[in-house]
Amino acid sequence: MNPKLDHYHAIIVGAGHAGVEAALAISRAGFKTLVLTMDTQAIARMSCNPAIGGLAKGHAVREIDALGGEMAKATDATGIQFRMLNESRGPAVRAPRAQADKKQYSLYMEAKLAAEPNLELRQAHVTGLIVENGRCAGVRTQDGTEIKSFAVVLTTGTFLQGLIHVGETHVAGGRVGEKPAVGLSDSLRKNGIQLIRFKTGTPPRLHADSIPWQELEPQPGDEPPRPFSFSTEKLEVDQLPCYLTYTSEKTHDVIRRNLHRSPLYGGKIKSAGPRDCPSIEDKVVKFADKSRHQIYLEPEGRDTKSIYVNGMSTSLPRDVQEEMVRSVRGLEHAQFLRYGYAIEYDCAPPTQLKHSLETKQIENLFLAGQINCTSGYEEAAGQGLMAGLNVVRKLRGEGTFVLDRSEAYIGVLIDDLVTRGTNEPYRLFTARAEYRLLLRQDNADKRLMKYGYEFGLVAKNQYEKSNAKHEKICTETETLKSKWHRDMTLDRYLRRPGVTCKDLIAEGLYATELDSESIETLEAEIKYEGYISRQAAEVKRFKRMESKPIPEGLDFRTLHGLSSEAREKLAKICPASIGQASRIPGLKPSDLSLLAVHVERTNRERGQK
């Protein structure tokens, strides 16, 4: 069922990582989509580090791929180094990470947008929303043009009222050298959307020829490199190394002597920043007992001399940045291509959203990415894809598409944001997932590809190939359970510490045609079978709580017996189920029990009517 249109089915405001995934999902589903961005040459630009993936983030990228998104494919096509992190640890915390060619990644995504027949890309500065009878019906641009659509997805990143800080200098900007988005914040507030200020930062970029690489510790990629996308058969890539060095006491002394010139410590910046990705100033102050901090030097591409100084995010003045950087071993004569800076921007507390990422205040308005108080390309892309899929569902006249915490890291991300909110830029971690043994990066296709196929974003042959792979893994598991060695079955033998499938193969006990990733999945399923079974039982209990719906429109403020704090929290979040209510911070067990009684009574009364 297609709603009656003035022109577009959906307008995407912004063409960063969230905007690209939202736009591709909607247009590939057959709906006419318009992408509005202030710079058509900055599609999916990597504003900060030139890397995709990492702990939990890599899991999310593989989930995006299984759902039919583009990020993993783009990484495989433009990556310059690939690594599997935590390979010596348990399978739940292993995660892929890749350095990407910054320019080529952007060009790849630009080409994907251009190739979509249902998608139009236009350069424009959106300054307002068109809201009619509580519904978002389009946008208004700086030149006064009104563009109508059924749905609008805002993916504005750090551009809303962006303000860049370098020492005592403060310049309006969404990124260095780019104008901020002005006017849209006022329109959001006017229509009932609350906004707050957050901040993030980035380190300097150095000239590669000014660094004596032979003096530093190389960090090569894995050989052979492993793809991100389930559709990539094999990677043929000449990998570039990164390099490791460290700050020194001299570095820390330079920072301490100049803290008064830092906008962060001088009082110019009052916004909350990412706790888990602190500036070098924060590291030196908060970890005063540490004599050094790791610095990771990452190339930003094959055809550029720009080196990203990972671990040295800063907003100190330029002269201090120069002294600080040149106190690091190997960087004594470093030449600057760009100085580090901090940026403050407007974002919307995500408790104003439904799980579909549609705003509670304005129907058909969806928010995705850093506007929802998150950090990171991967978190943004996951939100963009989910917002796009929910627009598709709404255009088809279908129900919302929600991944729960037991299905995906993307589900954990969105549920955390919508239910708990955040007082700092949110970042995914494996520790945030209660069922992380079930949410491994290697089985994302098994968990989620059925949805990508149902939406028409995953090809039939790819879906069938994934199913066949996992059926083969199940068959091989049964084979290991039926074969014996030293008075025990091979699956029990495999559970022994230090024993791997490679050992069984080397000893002639087992032969298989499974590829290396499938063997890892097989091994994880067998070695951790007991833990996986327990988590599966926990998921059943979780599902029972999630399946207890709270009637839509229930006025929590009228519920007798609950504390005033509980009524206030419930009215703010408007949980959809008892399970979601149980995750609201500060809600007491007694309040939850009373809520369950009220809900049961209300459902019974409505059923009788």
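These are my notebook entries on a predicted model, taken feature by feature.

**Strand β16 and its partners**

I started with strand β16, residues 294-299. Five of its six residues are buried, so I noted the strand as largely enclosed by the rest of the structure. I then looked up what pairs with it on either side. Strand β15, residues 242-246, runs antiparallel to β16, and the two share four bridges. As a reference point for that pairing I took tyrosine 246, which stands opposite glutamine 294 in β16. Strand β17, residues 306-310, is also antiparallel to β16 and is joined to it by four bridges. Here I wrote down leucine 297, which faces valine 309 in β17. The connection from β16 to β17 is a hairpin of six residues.

**Salt bridges**

I next went through the ion pairs. The count for the model comes to 53 salt bridges. I looked at three of them one by one, and then at a network.

The pair I checked at the β16 end was lysine 102 with glutamate 300, whose closest N and O atoms are 3.0 Å apart. Lysine 102 belongs to helix α4, residues 102-114, while glutamate 300 sits in the loop between β16 and β17, so the pair ties together parts that are 198 residues apart in sequence. I asked whether these two partners are buried or exposed. Both lysine 102 and glutamate 300 are buried.

The second pair was glutamate 236 with lysine 234, at 3.5 Å between the closest N and O atoms. Both glutamate 236 and lysine 234 are exposed.

The third pair was arginine 604 with glutamate 600, where the closest N and O atoms are 3.9 Å apart. I note that the cut-off for a salt bridge is 4 Å. Both residues lie in helix α19, residues 589-608, and they are four residues apart, about one turn of the helix. In an α-helix there are 3.6 residues a turn, so residues three or four places apart point the same way. Arginine 604 has 45% relative accessibility and therefore counts as partly exposed.

I also recorded one network, in which salt bridges with shared partners link Arg405, Asp415, Asp416, Arg420, Glu434, Glu546 and Arg583.

**Glutamate 605**

I stayed in helix α19 for glutamate 605. Its relative accessible area is 40%, so I put glutamate 605 down as partly exposed. I then looked up its separation from glutamine 41, which is 564 residues away along the chain. The C-alpha atoms of the two are 58 Å apart.

**A positive surface patch**

Which residues gather in a patch of positive charge on the surface? I listed Lys540, Arg541, Arg544 and Lys548. I followed up lysine 548, which is in the loop between α16 (529-546) and α17 (564-573). With 46% relative accessibility, lysine 548 counts as partly exposed.

**Helix α3**

Helix α3 spans residues 71-78. Six of its eight residues are buried, so I entered this helix as largely enclosed by the rest of the structure. The buried residues in α3 are Met71, Ala72, Ala74, Thr75, Asp76 and Thr78.

**Backbone geometry**

Last I looked up backbone angles. Most residues other than glycine have a negative phi, and most peptide bonds are trans. I noted three departures from this pattern.

The peptide bond from glutamate 223 to proline 224 is cis, with omega near -5 degrees. Proline 224 is in the loop between β14 (217-219) and β15.

Glutamine 161 is not a glycine, yet its phi is positive, near 50 degrees. I placed glutamine 161 in the loop between β9 (146-154) and β10 (163-166). It has 29% relative accessibility, so I marked glutamine 161 as partly exposed.

Aspartate 487 also has a positive phi, of about 60 degrees, without being a glycine. It is found in the loop between β21 (484-485) and β22 (488-489). How accessible is aspartate 487? Its relative accessibility is 75%, so aspartate 487 counts as exposed.

Terms used: Residues are numbered from 1 along each chain as its sequence is written. This is a predicted model: local features need pLDDT of at least 70, side-chain atom pairs count only at pLDDT 80 or more; totals for chains, interfaces and linings use all residues. Side-chain values use heavy atoms; hydrogens and water are left out. Patches are made of residues with over 30% relative accessible area and no salt bridge: like charges are joined within 9 Å, nonpolar side chains (Val, Leu, Ile, Met, Phe, Trp, Tyr) within 5 Å. Accessible areas come from the Shrake-Rupley method with a 1.4 Å probe; for residues, only the protein chains shown count as cover. A salt bridge is a side-chain nitrogen of Lys or Arg within 4 Å of a carboxyl oxygen of Asp or Glu. Lys and Arg count as positive and Asp and Glu as negative; His and the chain ends are not counted. The place of a charge is taken as NZ of Lys, CZ of Arg, CG of Asp or CD of Glu. Buried means under 20% relative accessible area, exposed over 50%, partly exposed in between (1.4 Å probe, protein chains only). Two strands pair if DSSP finds at least two bridges between them.
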